[in-house]
Amino acid sequence: MLVDKFNRKHNYLRISLTDNCNLRCNYCMPEEDYDFTPASRLMQVDEIEAIAKVFVAAGVDKIRLTGGEPLVRKDAGEIIRRLSALPVFLTLTTNASRIHEFIDLLEELGVKSINVSLDTLIRDTFSILTKRDLFDQVYGNIELLLNRGFKVKINVVVMRGVNDKEIVDFVRWTSLNPIHVRFIEFMPFEGNHWKREKLVTWQEILALVSSHYTIEPLARFPHETVKKYRVQGFMGTFAVISTMSSPFCSDCNRLRLTADGKMKNCLFSKGESDLLGAYRRGEDIRPLISQTVVDKAEALGGQFAPDLILMDANQLVNRSMISIGG
Ligand code: SAM
Ligand code: SF4
């Protein structure tokens, strides 16, 4: 079992398959001409499988594939197939633009739950936010997932003056659809021009929804990063991921592997451990994994001021979101 010095047990690994993506969300990918990591420096299929097995032997029983966009990788299907053979709950975070190409495979391999990013329900706003005209494809693929019986969670990064006016529309969407909308507080990463003023907090989101609907809180399961609610009588639910205003670090069970094989013990950790390098040199990677877990900071990578108002995003040492893997 992977236990840190605060006695947190880690059983959940998020693996980034690539830092490449077919969308250009500016809160995630800093530049249009971002240099993607060359294929030779990415973990190859055998390496992903072998490293994942080491984590599984150490107690990991949930793996999420992410990126970049995991489904733009040519061998994504083979990676999903290999990892689905491990004794883990396997899931995926995707922008859904290529789900139609993978849905049969996902169904065949028993993947049950998919997180989809969608920050707007307006076609034109989607094109502005992502710099790509793929709204209809993404929306159609969300419907496809629902029709085929997948559990669908929708990730919405809320930014003031950008999409905060759609919060109630997203909640209304859960009325007749069994979808789970998760509003994510906008987080700072290298190059994403984060400002305190753009952050819409959990408290603000809740107050806004409550002014339109009668809502009921739902039970929080251990390690969950969301505060969940349901509007009375609605089929779906909504939730807020309050990383910034009310972090959930005290029972965090997550570890991360970047597409180039670096292990991060927190989304906001300054440091990273070169697991792929060690693996390619034929070393035993288990001590490196254990040490990286032990080194985990108590909260938010040890980088944030306790008061967000005091936080200077320029002082953060981290990669951009796209190169970490969300
Ligand atoms: N391409 C896939 C997608 O968009 O779902 C997976 C990778 S993406 C980096 C994973 C998640 O990180 C997405 O839900 C995205 O909205 C979220 N994300 C990216 N940048 C963020 C930021 N600055 N603040 C909060 N969430 C962010
Ligand atoms: Fe691509 Fe996802 Fe980042 Fe958007 S949030 S640029 S879809 S990786």
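This is a short tour of a predicted model, with stops at its ligand and at two of its cysteines.

Residues are numbered from 1 along each chain as written, chains are lettered from A and ligands numbered from 1 in written order. In this predicted model, local features need pLDDT of at least 70, side-chain atom pairs count only at pLDDT 80 or more, totals for chains, interfaces and linings use all residues, and side-chain values use heavy atoms, without hydrogens and water.

**Stop 1: the ligand.** Select ligand 1 and show the residues with a heavy atom within 4 Å of it. You should find 20 of them, and Gly68, Glu69, Ser117, Asn155 and Met187 are the closest. Colour this shell by class: eight residues are nonpolar, 10 polar and two charged (Ala, Val, Leu, Ile, Met, Phe, Trp, Tyr, Cys and Pro are nonpolar; Asp, Glu, Lys and Arg charged; the others, including Gly, polar).

**Stop 2: backbone contacts.** Next, zoom in on methionine 187, where a backbone N or O atom is 2.9 Å from a nitrogen atom of ligand 1. At glycine 68, a polar backbone atom is 3.0 Å from a ligand nitrogen. Threonine 94 brings a backbone N or O atom to 3.3 Å from a ligand oxygen. On its own, ligand 1 has 540 Å² of accessible area (Shrake-Rupley method, 1.4 Å probe), and the protein covers 95% of that.

**Stop 3: the cysteines.** Now select cysteine 266. Is cysteine 266 buried or exposed? Cysteine 266 is buried because its relative accessibility is 15% (buried means under 20%, exposed over 50%, partly exposed in between, with a 1.4 Å probe and protein chains only). Finish at cysteine 21, also buried, at 13%.

Terms used
Polar contact = N/O pair within 3.5 Å; in protein donor to acceptor, adjacent residues only side chain to side chain.
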